[in-house]
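Visitor: I'd like a close look at one part of this protein. Could you pick a helix, walk me round it, and then show me what the sheet is doing?

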Amino acid sequence: MTATELSADLSATPEPLVLVTRGEGDLAGVVTLTLNRPRQFNALSEAMLDALGRALDVVASDASARVVVLGAAGAAFCAGHDLKEMRAEPSLDYYRKLFNQCTRVMLTMQRMPQPVIARVHGIATAAGCQLVAMCDLAVATSVARFAVSGINVGLFCATPGVALSRNLSRKQAMEMLLTGDFIDAQTARERGLVNRVVAVERLDAEVAALCRSILAKPAAAVAAGKGLFYRQVETGIEAAYQMAGQTMACNMMDACALEGVQAFIEKRPPDWAKPPTA
């Protein structure tokens, strides 16, 4: 299946979770994947992760696809995992499966031969910030903001931390992970999380310019170079993700995380002394 066939297949769904569009003219080699849960701030539900994973697999094997742009519909880029869905099934096996599923999607973006560019127009938090960090390049608007905010609901963002620590310096990454505080787009650029920051109205033009620059290069060289880049720079990312996924799954079973997520769902301050309820 090609990216064009995938787009037609997903279009048969009343409201596809990932929209697939193909560029035209000199951008014909660009495939844009758009997260499409705008009312839920594009939270990464199991179904969303499945749809995104399938889309990435198809594009990765499509020789006519040269560049992938990852964008999102609505006000936010991605608010991370779907906390309501996570809280509905508090079991260690479920959380392990969920974080393994997320890890597979994240690693697919890095392993596919095409460069992946994050098109970040709004907030990117927790696993949404992880998505940005796992993309090869990122262009953000001046109003975009970034955070790994799980700590605010008692859940240390362990798996996002794997990606974050490979973009930012250790102390900058730890500050974000320990505080859960937002950083603005300009700070994200200065710290290495994004490549370029532009005005909102310039976002698509800047992404297109970056795509054209890549499209002008030989596909084989780009694919080989991307593969080599990560092989030489990474030291045991799979092992790191396994440890992080296990840590995060165990953390979600902790009373403070269960209470913190429940408080988030109920839109109230968390009570860390409150006993958890199933």
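Guide: Here is a stroll along one helix, followed by a stop at the sheet. Keep in mind that this is a predicted model. Our helix is α11, which runs over residues 237–252. Does its length make sense? Well, what span should its 16 residues have at 1.5 Å a residue? They should cover 22 Å, and the end C-alpha atoms are indeed 22 Å apart, so the two agree. Now look at which side chains of α11 are tucked away: Ile237, Ala240, Tyr241, Ala244, Gly245, Met248, Ala249, Asn251 and Met252 are buried. Peer down the axis of α11 and these buried residues fall within an arc of 160 degrees, so they line one face of the helix. And what do they pack against? The partners of the buried residues are helices α3 (83–88), α4 (92–111), α5 (127–134), α6 (158–164) and α12 (255–265).

On to the sheet. It's an open one, built from six strands in the order β1-β2-β3-β4-β6-β9, with mixed pairing. At its edges sit β1 (18–22) and β9 (196–198), each pairing on one side only. From one strand to the next, the twist averages 20 degrees. Zoom in on β2 (residues 30–35) and β3 (residues 67–72): they run parallel and share six bridges. In that pair, Leu33 stands opposite Leu70 of β3. Helix α2 (residues 46–60) packs on the sheet, touching β1, β2 and β3. The direction of α2 makes about 175 degrees with that of β2.

Key:
Residues numbered from 1 in each chain as written. Predicted model: local features only at pLDDT ≥ 70, side-chain atom pairs only at ≥ 80, totals over all residues. Heavy atoms only, no water. Helix = DSSP H or I, 4+ residues; strand = E, 2+ residues; numbered from the N terminus. Expected span 1.5 Å × (residues − 1). Buried < 20%, exposed > 50% of the residue type's maximum accessible area, 1.4 Å probe, protein only. Arc of directions from axis to C-beta. Contact = heavy atoms within 4.5 Å. Pairing = 2+ DSSP bridges. Axes fitted to C-alpha atoms, helices over the stretch in contact; angles between N-to-C directions.
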